Amino acid sequence: MKMGSSNDKDAVQEQYASSKSLDIRLNFHNMYSTNRMGFGPWLVSNYEITEGMKVLEIGTGTGSMWVGHDDLITKCDKIVLSDFSEGMLETAKKNVGERENVEYKQINVQNIPYEDSSFDIVIANMMLYHVPDINKAVSEIRRVLKDEGVFYNVLYYGDFDIIGNLSSQSINYYPMMYGRSISALDRDKICFSCGKIYRECDLSVAVVDTSIYTNNSIAFEPTVDMAVIASCIRTDSNEPFWDNKRKNTNKKDLRDPLNHKDLDKVLNTFGLTKNDITDLNCS
Ligand SMILES: C[S@@+](CC[C@H](N)C(=O)[O-])C[C@H]1O[C@@H](n2cnc3c(N)ncnc32)[C@H](O)[C@@H]1O
C-alpha cells in the first residue's frame, strides 16, 4: 500500500481484514532487525503500567506486543484490546488468550464507545496514519483519557534501518517525503520531511517537480521483496533494493543515490543541507 492510500478507509480495511499481511511484516522485523531486543519488547518495556490501571489499546492488530507480558496484563484492573478489524481481533484473542480482565472489542478510533475519563492509559501504535479524520481520532482519545492519563503512540520508522541491514549512517535510511502539503486545505504549499524534520514553503518556489517523487516509506510497501532484502544483506549494499525499486515503479525516490542531485535542490529550496538530515541518525 502506498502512502497516498494509507488512510483510505477501504484500502485500510482490506489490508487489515485478516492478520496475514501484518504477520508477514512482524516476522520480517523479527528476522532482520539489527536491534536484538526487538521493537515490540522495547515498546512494551516503556509502558508505565501500575496496579489497578484501566488500559485501552486502539488498533491492537495481532496483539503480539502483549505476548510474554503477563506481568503487565495482570496488573491492569481492565485492559481493552480493540481494533476495527474483526479478523485482527480474532488473531489477538488467540495470541493473548481469554482472561478475566481482558476485553476484546471492535472499535473505530474515530468514535470510541466509552465515557469521558475512562482510562489511565491509551495506546495506539502504528495506526494513526491510517485514520481518515485524525483530529477526530485524537480528540476521542483525549476524551476517554483521564486528565492525568498517558497516551502512548508510536509511528513507523524502523523499516529503513533494515534496507540493507547496514548501520544507520546514511540518509538512505530515513523515510523521506517531498510533495504538496499534507493538509488538503493548503494545496499551494510544498512540504519536505525526513526523520524529525518537517518543512513547508510556497509551491511557487519549487524547482523540483513534486509529481515525480513518491511519498517514501517502505512501511507502506508490504510487497517488499524478501529475496531483494536478502541480497542487500549478502552484498552489504543497498544497491539491489534501489535496482529493484527502479524497475518496479515509474515514480522516483529522493533517497535513491541516482536522484541525489534533485535531493540537493529540494534541500536547498527548504534552506536545508545534507548535514541537517544526516545529523538525525537514530541516537
Ligand atoms: C500497522 S497495524 C498496527 C498493529 C499494532 N498496533 C502493532 O503495533 O503491531 C494497524 C492496525 O490498526 C487498525 N486500524 C486501522 N484503522 C483503524 C481505525 N480507524 N480504528 C481502529 N483500528 C484501526 C488495523 O486494523 C491494524 O490492526
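How do the residues of the shell around the ligand divide into nonpolar, polar and charged?

**Entry: ground rules.** I am working with a predicted model, where local features need pLDDT of at least 70, side-chain atom pairs count only at pLDDT 80 or more, and totals for chains, interfaces and linings use all residues. Residues are numbered from 1 along each chain as its sequence is written.

**Entry: the ligand.** I looked up the shell and found twelve nonpolar residues, eight polar and one charged. Here Ala, Val, Leu, Ile, Met, Phe, Trp, Tyr, Cys and Pro count as nonpolar, Asp, Glu, Lys and Arg as charged, and the others, Gly among them, as polar. I noted that 21 residues surround the ligand. A residue is near it if its C-beta atom, placed from the backbone, lies within 6 Å. The closest are Y16, G59, G61, F84 and M127.

**Entry: the sheet.** Next I checked an open sheet of three strands, in the order 6-7-8, with antiparallel pairing. Strands are DSSP runs (E, at least two residues), numbered from the N terminus. Two of them pair if DSSP finds at least two bridges between them. Strand 6 (176-180) and strand 8 (197-202) are the edges, each pairing on one side only.

**Entry: strand 7.** I followed strand 7 (residues 189-194), which pairs with strand 6 over five bridges. There, S193 is the bridge partner of M177, and I190 that of R180. With strand 8, strand 7 makes six bridges. C194 stands opposite I197 in strand 8.

Which side chains of strand 7 are buried? I190, F192 and C194 are; they point to one face. K189, C191 and S193 point to the other and are not buried. Buried means 20 or more other C-beta atoms within 10 Å of the residue's own, all placed from the backbone.

Note on methods:
Helices (H or I, at least four residues) and strands (E, at least two) are DSSP runs, numbered from the N terminus. A residue is buried if 20 or more other C-beta atoms lie within 10 Å of its own, exposed if 12 or fewer, and partly exposed in between; C-beta atoms are placed from the backbone.
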